[in-house]
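Hi everyone, thanks for making time this morning. Could we bring the structure up on the screen before I start?

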Amino acid sequence: MSRNENSSVDNNFSADQRTYHVPVLLKESIDALKIKPSGKYVDVTFGGGGHSGEIHKNLTEGHLYAFDQDSDAAANTSDFDKDKFTLVEANFRYLARFLRHYEVEEVDGILADLGISSHQIDEAERGFSTRFDAELDMRMNRKSGKSAITVLNDYSEKELVRIFSSYGEVRNSKTLASAIVSARSSEKITRIDQLKNILKRYAKRGSEHKYFAQVFQAIRIEVNDEMEALKDLLKDSVKVLKEGGRLSVISYHSLEDRMVKNFIQSGNFEGRQEKDLYGNVLRPLNPVTRKPIMASEEEIKNNSRARSARLRIAERNEKTEA
């Protein structure tokens, strides 16, 4: 079924919000939460407020806590009723800490739309996109001290190899890392076009765009410590979800999806399952779907970013005393 058929979800967010970020798998991810009108929910990736808006409109006495470390996101909160909405301007890795600050011990549902927003990609000066020539920044939190310039000019060759191979799955990571170290010895790498000119020499002909995307992804993940932040979020989700509470996570590349899948299925990031005496898997979350939910062809046609999206849903198991 397409998103527009018999859907309880609409697109009643402002044109500015729609331009800021087009929410992916909107109906599916919201339906997964089984929203209670009086419940407490968290959208850990507020962005343009698309997913948050759908949670918010289904609440009466309930409350939504939305996290975003990007200061630009605050401009998208004007349509929200502040009596049932709180924006937390912080990285979602501090989920439990900030909820305690607001005297919230448990919540009914958590939604995460991982990765980079359309707004961040389309703003040239943010340095996320290969479409523009701008300063190499890539910080989601612009107050952070480490940018892409830091990574490219200060990291050792060994560290660059690790980043490119682990976070970008770049096939010639060692060669590329060596080339970057050589190039920066004569001129500091500060601009997107500078980096692209280096990458062109090592990209397979006809696959330049894919190669650029892999390298940029790797640098962005390192700049924002995305994989470690995701680990912290998943561990915190177990702490704050009520029994029966839902976790709805949309990921966009295999590294994120594998981490989410392993944690949901086994309670750890290696995918190592532990069982009780009766053969039951010991894990704090229970998978709601066996396979990830993917976008329809219609949605992909309207939003190309949806092509790589994977939605995984989990429910908090019964809590036991440590």
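I'll go through some helix packing, then some salt bridges, and finish with a single aspartate. Please keep in mind that this is a predicted model.

Let's begin with helix α7, residues 157–167, and helix α10, residues 208–224. Their axes lie 8 Å apart, and the packing angle is about 110°. An angle of 65 to 115 degrees counts as roughly perpendicular, and α7 and α10 are therefore roughly perpendicular to each other. As for handedness, α7 and α10 make a right-handed crossing. If you'd like to find the contact on the screen, look on the α7 side for R162, I163, F164 and Y167. On the α10 side, the residues are V215, Q217, A218, I219, I221 and E222. Sorted by class, the contact of α7 with α10 has seven nonpolar residues, one polar and two charged.

Now stay with α7, and turn to its packing against α8. Here the axes come within 8 Å and cross at roughly 135°. That angle makes α7 oblique to α8. The crossing of α7 and α8 is again a right-handed one. From α7, the contact takes in E157, L160, V161, F164 and S165. They meet S173, K174, L176, A177, S178, I180, V181 and R184 in α8. What is the mix of classes in the contact of α7 with α8? We have seven nonpolar, three polar and three charged residues there. You may have noticed F164 coming up twice: this α7 residue is part of the contact with α10, and F164 also belongs to the contact with α8.

Next along is α8 with α9, that is, residues 173–184 and residues 192–200. For this pair the axes come within 10 Å, and the crossing is at roughly 135°. So α8 is oblique to α9. Once more, the crossing is right-handed, this time as α8 passes α9. α8 brings L176, A179, I180 and A183 to the contact, and α9 brings L195, I198 and L199. Which classes do you think we find here? There are seven nonpolar residues in the contact of α8 with α9, with no polar and no charged ones. L176 and I180 of α8 take part here, and L176 and I180 are also in the contact with α7.

Right, on to the salt bridges. How many are there in the whole structure? The search finds 20, and I'll pick out a few.

One of them joins the side chains of D31 and K27, with an N to O distance of 2.4 Å. D31 and K27 are four residues apart in helix α2, residues 26–31, so about one helical turn separates them. D31 is partly exposed, at 35% relative accessibility, whereas K27, at 14%, counts as buried.

Another is the bridge between D232 and K235, where the closest N and O atoms are 4.0 Å apart. The cut-off for a salt bridge is within 4 Å, so do keep that value in mind when you look at this pair. D232 and K235 sit in helix α11, residues 226–240, and their spacing of three residues means that they are separated by about one helical turn. D232 has a relative accessible area of 22%, which makes D232 partly exposed. K235 is also partly exposed, at 41%.

There is a network to show you as well: salt bridges link D70, D72, R126 and R142.

That brings me to the aspartate I promised, D137. Where does D137 lie? You'll find D137 in the loop between α5, residues 118–122, and α6, residues 148–154. D137 forms a salt bridge with R139, the closest N and O atoms being 2.7 Å apart. Is D137 buried or exposed? Its relative accessible area is 8%, so D137 is buried. R139 counts as buried too, at 18% relative accessibility.

And what does D137 touch? Setting aside residues up to four places away in sequence, D137 touches E125, R126, G127, S147, A148 and V223. R126 is a name we have just met, as one of the residues in the salt-bridge network. To place D137 relative to the helices we began with, take V181, one of the α8 residues in the contact with α7. D137 and V181 are 44 residues apart along the chain, and their C-alpha atoms are separated by 18 Å.

That's my tour, so over to you for questions!

Note on methods:
Residues numbered from 1 in each chain as written. Predicted model: local features only at pLDDT ≥ 70, side-chain atom pairs only at ≥ 80, totals over all residues. Heavy atoms only, no water. Axes fitted to C-alpha atoms, helices over the stretch in contact; angles between N-to-C directions. Helix = DSSP H or I, 4+ residues; strand = E, 2+ residues; numbered from the N terminus. Parallel < 35°, antiparallel > 145°, perpendicular 65-115°, else oblique. Left-handed = near helix turned anticlockwise from the far one by under 90°. Contact = heavy atoms within 4.5 Å. Nonpolar A, V, L, I, M, F, W, Y, C, P; charged D, E, K, R; others polar. Buried < 20%, exposed > 50% of the residue type's maximum accessible area, 1.4 Å probe, protein only.
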